[in-house]
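Work through the following exercises with the structure open beside you, and try each task before you read its solution.

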Amino acid sequence: MELYNYLKSLHLIFVITWFAGLFYIVRLFVYQIEASQKSDPVKSILQKQYKIMTYRLWYIITWPSAILASIFAFWMLFFTDLGRAWMLMPWMHVKLGFVLLLYLYHWKCHLIYRELQNDVVKYSSNYMRLWNEGATIILFAVVFLVILKNAFNWIFGVVGIIAFPVIIMLGFKFYKRIRERNSS
């Protein structure tokens with residue numbers, strides 16, 4: 001049991017740093033995209049700085065955190081008695097589905113990262129602001145599943161997971177209107 005608690009603590013620490021990296025990398029994508037629309041010399045100075053920042057965040061914090069969170073999770077789930085018991089629970093299968101979505105989100109961020117490092121801008125800064133909410137939605141779903149486990153009310157959970165992005169979209173539109181009004 002003591003080993004399990006150490007593994008769980010390390011897993012949680014690296015999940016937190018992984019999410020911190022995912023939240024911040026997309027914010028840096030927004031800044032990189034906005035910098036690409038400026039004129040030189042500001043454009044080249046900002047792009048160079050953002051490339052350094054994203055490189056360091058991505059390869060020194062985000063990727064290592066994802067790998068270490070996964071290692072401790074696998075160790076916990078497959079090499080401890082309590083972890084093997086959790087694997088029999090239906091909520092854990094749903095949680096692992098969300099973890100798979102998180103890996104896919106991470107991989108898409110990696111593809112966007114590589115494009116921006118090569119000065120390829122395919123998305124708008126507004127798109128990236130919305131994209132940033134993907135990790136938030138996954139985080140909410142996983143935390144509620146882990147805390148509530150079998151007490152998770154699926155009807156309210158599904159409604160909540162659907163309502164949350166709608167609320168975020170409305171907030172984003174409201175924020176965008178405020179920004180446009182303040183910039184004119």
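## Exercise 1: The largest pocket

In this predicted model, the largest pocket holds about 750 Å³ of space. Find which residues lie closest to the centre of this pocket, which elements line it, and how its lining divides by class.

Solution. Begin at the centre: 30 residues line the largest pocket, and those closest to its centre are H11, V15, K95, V142 and V146. Next, turn from single residues to elements, where two or more lining residues come from each of α1, α2, α3 (81–86), α4 (90–117) and α6 (133–148). Among these contributors α1 gives the most, with 8 residues. Finally, sort the lining by class, which yields 24 nonpolar, 3 polar and 3 charged residues.

## Exercise 2: The overall frame

Describe the protein as a whole by its secondary structure, by the box that its C-alpha atoms fill, and by the share of its residues that count as buried.

Solution. Start with the secondary structure, which comes to 7 helices and 0 strands, so that reading from the N terminus gives the order α-α-α-α-α-α-α. Then consider the extent of the chain: taken along the principal axes, the C-alpha atoms fill a box of roughly 60 × 35 × 20 Å. As a last step, look at burial, for which 34% of the 184 residues count as buried.

## Exercise 3: Two pairs of packed helices

Two packed helices are described by the angle between their axes and the distance between the axes. Use this description for the pair α1 and α2 and then for the pair α2 and α4, and decide how the helices of each pair are oriented.

Solution. Take α1 (residues 2–36) and α2 (residues 42–79) to begin with: these helices pack at an angle of about 160 degrees, and their axes are 7 Å apart. Because angles over 145 degrees count as roughly antiparallel, α1 is roughly antiparallel to α2. The crossing of α1 and α2 is left-handed, and the residues of their contact divide into 26 nonpolar, 9 polar and 3 charged.

Now repeat the steps for α2 and α4, which pack at an angle of about 160 degrees with their axes 12 Å apart. The cut-off used above applies here too, and α2 and α4 are therefore roughly antiparallel to each other. Their crossing is left-handed.

## Exercise 4: The enclosed space

Rolling a probe the size of a water molecule over the atoms shows where empty space is left. How many cavities of 30 Å³ or more are counted, and which residues line the largest cavity?

Solution. The count comes to 1 cavity of 30 Å³ or more, and about 50 Å³ of space lies in the largest cavity. The residues that line the largest cavity are Q32, S36, Q47, K51, L116, D119, V120 and V121. If you then ask which elements give two or more residues to this lining, the elements are α1 and α2. Sorted by class, the lining has 3 nonpolar, 3 polar and 2 charged residues.

## Exercise 5: Two points in the backbone

Most residues other than glycine have a negative phi, and most peptide bonds are trans. Examine the peptide bond between D40 and P41, and then the phi of D119.

Solution. Look at the bond first: D40 and P41 are joined by a cis peptide bond, with omega about 5 degrees, and P41 lies in the loop between α1 and α2. Move on to D119, whose phi is near 60 degrees, a positive value in a residue other than glycine. D119 lies in the loop between α4 and α5 (125–131), and this residue is partly exposed, with a relative accessible area of 47%.

## Exercise 6: Buried or partly exposed?

Place S65 and F140 in their helices, and decide for each residue whether it counts as buried or partly exposed.

Solution. S65 is found in helix α2, and since buried means under 20% relative accessible area, S65 counts as buried at 5% relative accessibility. The C-alpha atom of S65 is separated by 6.0 Å from that of T17, although S65 and T17 are 48 residues apart along the chain.

F140 has its place in helix α6. The range between 20% and 50% is called partly exposed, so F140, at 37% relative accessibility, counts as partly exposed. F140 and F164 are 24 residues apart along the chain, and their C-alpha atoms are separated by 9.2 Å.

Notes:
Residues are numbered from 1 along each chain as its sequence is written. This is a predicted model: local features need pLDDT of at least 70, side-chain atom pairs count only at pLDDT 80 or more; totals for chains, interfaces and linings use all residues. Side-chain values use heavy atoms; hydrogens and water are left out. Axes are lines fitted to C-alpha atoms, for helices over the stretch in contact, and angles run from 0 to 180 degrees between N-to-C directions. Helices (H or I, at least four residues) and strands (E, at least two) are DSSP runs, numbered from the N terminus. Angles under 35 degrees count as roughly parallel, over 145 as roughly antiparallel, 65 to 115 as roughly perpendicular and the rest as oblique. A crossing is left-handed if the near helix is turned anticlockwise from the far one by less than a right angle, and right-handed if clockwise. Ala, Val, Leu, Ile, Met, Phe, Trp, Tyr, Cys and Pro count as nonpolar, Asp, Glu, Lys and Arg as charged, and the others, Gly among them, as polar. On a 1 Å grid over the protein atoms alone, a cavity is a set of points where a 1.4 Å probe fits but cannot get out, and a pocket is an open set with protein on both sides within 12 Å along at least five of seven lines; lining residues have an atom within 4 Å of a point. Grid points are joined across faces, edges and corners, and a volume is the space filled by probe spheres set on the points. Buried means under 20% relative accessible area, exposed over 50%, partly exposed in between (1.4 Å probe, protein chains only).
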